[in-house]
Amino acid sequence: MANKISHFALAVVLAAGFAAPALAQNTNWKLDSDHSTGRLTLSSTADPDATFETGIARVKGSVNLDATSLSNSSFDFIIYPADQDPASINKDGSLNAAEFSNAPRSTVITFRSKEVKLTGDGDLAVTGNLTLTHLERPALITYSEAYDGPVYGEPEVRTATREVVFVFDRAAAAAANAGSSRKLKLAASATIKTEDFPGLFEAVTDLNWPVVVEDEDCKAPATIGEEYHGTSCTGTPVVVSSRPSSSFTIGEDYPGPDLDAPRVRDNVSIALNLELTRDASAAAKASGN
């Protein structure tokens, strides 16, 4: 009974926050991939303090928030390495292997919601299918005087899908307060036991996740001379909060961090920090202008 009252009350708040126009009642948002990230963290059930981030990825996709009926909302997004061209990901979330002729490995994670509902705490629990795609090309090394690095063979692609729940912290309240805003920020997380999702641990750790740089702006020099040092880039890197204590060297054949300790192998967490945008005309209609 209390849950029904909570759901009804929040629905009223949502309706008030989004106002009357139909567009505001059912709002489509596009994820700004330049400001949306997914933090990939390993953790231990036995030792909650034994956690560290394996990397940070970019997120792209779309979100539909239905103010009149939250259960009709939907979330559709893709988590991918920062140095990867979004065009290399097909519309269904699969990898376009032809775009990875020079990449030894890559991982893409796709999520599509199936059910959206409120929790007793007022958060938004989004249940859906999480699809993991991991591409790896075996290195073909032939040593000779003309050797200039490894040549990669045909791609080996492994895919697995499991049901996962992302909990959006007060996402509904944030949506209610969005009104005519052109931007909306949401945070969510999901913790997945590796025994329930075979291949997830390997796909997340068998990759050197590139640094995510927000507002990156790269410019080539106007003139090229003897002192040319390449393109100059500026931006704000998203910092990884922790790293394994063991040392490692990053290169083309980097196999991932040394994770021999079994205590860090049983959970993979994905924390989302999403920034959503809608165009100016949609925001204006939502405000009644």
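Trainee: Where is Leu42 found, in terms of strands?

Mentor: Good place to start! Leu42 is found in strand 2, which covers residues 37-43. Keep in mind that we are reading a predicted model.

Trainee: Is Leu42 buried or exposed?

Mentor: Leu42 is buried, because its relative accessible area is 0%, and the cut-off for buried is under 20%. There is also a long-range partner to look at: the C-alpha atoms of Leu42 and Ser269 are separated by 6.3 Å, although their positions lie 227 residues apart along the chain.

Trainee: How many helices and strands does the protein have?

Mentor: The protein has 5 helices and 13 strands. Of the 289 residues, 42% are buried. For contacts with a separation of 6 or more, 67% come from residues 24 or more positions apart.

Trainee: How should I read a nonpolar core, and which residues have the most contacts inside the largest one?

Mentor: The general idea first: in soluble globular proteins, nonpolar side chains tend to be buried together. Here, the largest nonpolar core has 42 residues. Those with the most contacts inside that core are Phe75, Phe77, Leu130, Phe166, Phe168, Ile270 and Leu272.

Trainee: Let me pick Phe166. What is Phe166 in contact with, leaving aside its neighbours within four places in sequence?

Mentor: The partners of Phe166 include Phe77, Phe111, Leu124, Val126, Leu130, Ile270 and Leu272. Ala188, Ser189 and Ala190 are also among them.

Trainee: Two of those partners have rings. How do I read an aromatic pair?

Mentor: A pair of aromatic rings is described by the distance of the centres and the angle of the planes. A search of the whole structure finds 4 aromatic pairs. One of them joins Phe77 and Phe166, edge-to-face, at 5.6 Å centre to centre with 75° between the planes. This pair links distant parts of the chain: Phe77 belongs to strand 4 (residues 74-80) and Phe166 to strand 9 (residues 156-168), 89 residues apart. Both Phe77 and Phe166 are buried.

Trainee: And why is the pair of Phe111 and Phe166 edge-to-face?

Mentor: The ring centres of Phe111 and Phe166 are 5.0 Å apart and their planes stand at 80°, so the pair is edge-to-face; the angle cut-off for that label is over 60 degrees. Phe111 sits in strand 5 (residues 105-118) and Phe166 in strand 9, with their positions 55 residues apart. Phe111 is buried, as is Phe166. Put the pairs together and Phe77, Phe111 and Phe166 are linked into a cluster.

Trainee: Which ring does the charged end of Arg162 sit over?

Mentor: The charged end of Arg162 sits over the ring of Phe197, 5.8 Å from the ring centre.

Trainee: Now to charges that pair with each other. How many salt bridges does the structure hold?

Mentor: As a general idea, side chains of opposite charge can pair when their charged atoms come close. This structure holds 6 salt bridges. One of them is between Arg112 and Asp76, at 3.4 Å from N to O. Arg112 is in strand 5 and Asp76 in strand 4, 36 residues apart, and the pair links distant parts of the chain. Arg112 counts as partly exposed, at 30% relative accessibility, and Asp76 likewise counts as partly exposed, at 29%.

Trainee: What about Glu163 and Lys114: are they buried or exposed?

Mentor: Both Glu163 and Lys114 are exposed. Their side chains meet in a salt bridge at 2.8 Å, N to O. Glu163 lies in strand 9 and Lys114 in strand 5, so this pair ties together parts 49 residues apart in sequence.

Trainee: Which residue does Glu275 meet in a salt bridge?

Mentor: Glu275 meets Lys183, at 3.6 Å from N to O. Glu275 lies in strand 13 (residues 267-277) and Lys183 in strand 10 (residues 183-193), so the pair ties together parts that are 92 residues apart in sequence. Glu275 counts as buried, at 7% relative accessibility, whereas Lys183 is exposed, with a relative accessible area of 54%. Salt bridges that share partners join Lys183, Lys185 and Glu275 into one network.

Trainee: One last residue: what does the side chain of Thr205 reach?

Mentor: The side chain of Thr205 reaches the backbone oxygen of Phe201, at 2.8 Å. Thr205 is found in helix 4, residues 200-205, and is buried, with a relative accessible area of 8%.

Notes: Residues numbered from 1 in each chain as written. Predicted model: local features only at pLDDT ≥ 70, side-chain atom pairs only at ≥ 80, totals over all residues. Heavy atoms only, no water. Core = buried A, V, L, I, M, F, W, Y, C linked by side-chain atoms within 4.5 Å. Buried < 20%, exposed > 50% of the residue type's maximum accessible area, 1.4 Å probe, protein only. Contact = heavy atoms within 4.5 Å. Phe/Tyr/Trp six-rings, centres within 6.5 Å; stacked < 30°, edge-to-face > 60°. Helix = DSSP H or I, 4+ residues; strand = E, 2+ residues; numbered from the N terminus. Lys NZ or Arg CZ within 6 Å of the ring centre and 35° of its normal. Polar contact = N/O pair within 3.5 Å; in protein donor to acceptor, adjacent residues only side chain to side chain. Salt bridge = Lys/Arg side-chain N within 4 Å of Asp/Glu carboxyl O.
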